[in-house]
Amino acid sequence: MAELKENTVQHTLCMPLCGRMIAARKCPDLFPDRDAERIVRELGEDISGRAMYRLQYMWMNCLIRQYNLAWEITEYLKQYPKATVVELGAGLSCLRRQMGNETNPWYCLDMENVITLRKKHIHLLRPCLKNTVSWSK
């Protein structure tokens with residue numbers, strides 16, 4: 001049974017997640033994402049019948065966003081190596097692990113129900129310092 005309710009804001013987490021999963025399947029050397037497929041499977045999502053997920057444009061946009069953000073963070077940290085990273089609307093991003101960053105403080109902020117999913121499905125050696133929604137209150 002799917003863990004996410006259809007037609008909810010929380011369900012939109014599947015778009016970038018599935019985009020990363022599809023790209024990792026099609027181009028594993030270019031887009032090594034060891035987490036996306038596992039998380040989709042754990043969530044019980046079946047994208048096989050959904051036309052939107054077969055559109056190359058959609059999953060390429062997800063990748064461009066993810067890798068551009070990784071590049072921006074990397075470049076910023078070169079200039080400010082002790083900076084704290086704050087990932088607003090973190091969703092089910094595994095960006096910290098993909099970047100191999102275990103040194104900088106890292107905050108993952110999102111809605112409460114998303115943070116619950118993050119804690120359940122994203123297992124980091126050094127977790128985000130704060131998985132929270134309290135910043136919005």
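## A walk through the predicted chain

Residues 24 or more positions apart account for 56% of the contacts in the chain with a separation of 6 or more. The model in which these contacts are found is a predicted one, and its chain holds five helices and three strands, which follow one another from the N terminus in the order α-α-α-β-α-β-α-β. Of the 137 residues in the chain, 42% are buried, while the accessible surface comes to about 8300 Å², with 58% of that area belonging to carbon and sulfur atoms.

Helix H1 (14-26) is a suitable place to start. Its 13 residues reach 18 Å from the first C-alpha to the last, close to the 18 Å expected at 1.5 Å a residue. The buried residues of H1 are Cys14, Leu17, Cys18, Gly19, Arg20, Met21, Ile22, Ala23 and Ala24, and what covers them includes helix H2 (36-43), H3 and H4.

Helix H3 (56-79) comes next. With 24 residues, H3 reaches 35 Å between its first and last C-alpha, close to the 34 Å expected at 1.5 Å a residue. Buried in H3 are Met58, Trp59, Cys62, Leu63, Gln66, Ala70, Ile73 and Leu77, and the buried residues of this helix pack against H1, E1, helix H4 (95-99) and strand E2 (106-109).

H1 and H3 return in the description of the largest pocket, since together with strand E1 (85-88) they are the elements that give two or more residues to its lining. This pocket contains about 320 Å³ of space and is lined by 23 residues, of which Arg65, Gly89, Ala90, Gly91 and Ser93 lie nearest its centre. Sorted by class, the lining consists of 13 nonpolar, six polar and four charged residues.

One of the residues nearest the centre of the pocket, Gly89, also leads to a loop further along the chain. Asp110 lies in the loop between E2 and helix H5 (112-121), and although Asp110 and Gly89 are 21 residues apart in sequence, their C-alpha atoms are 4.7 Å apart in space. Is Asp110 buried or exposed? Asp110 counts as buried, because its relative accessibility is 10% and the cut-off for a buried residue is under 20%.

Note on methods. Residues numbered from 1 in each chain as written. Predicted model: local features only at pLDDT ≥ 70, side-chain atom pairs only at ≥ 80, totals over all residues. Heavy atoms only, no water. 1 Å grid on protein atoms, 1.4 Å probe; cavity = no way out; pocket = protein on both sides within 12 Å on 5 of 7 lines; lining within 4 Å. Points joined across faces, edges and corners; volume = space filled by probe spheres on them. Helix = DSSP H or I, 4+ residues; strand = E, 2+ residues; numbered from the N terminus. Nonpolar A, V, L, I, M, F, W, Y, C, P; charged D, E, K, R; others polar. Buried < 20%, exposed > 50% of the residue type's maximum accessible area, 1.4 Å probe, protein only. Contact = heavy atoms within 4.5 Å. Areas by Shrake-Rupley, 256 points an atom, 1.4 Å probe, with all protein chains shown as cover. Expected span 1.5 Å × (residues − 1).
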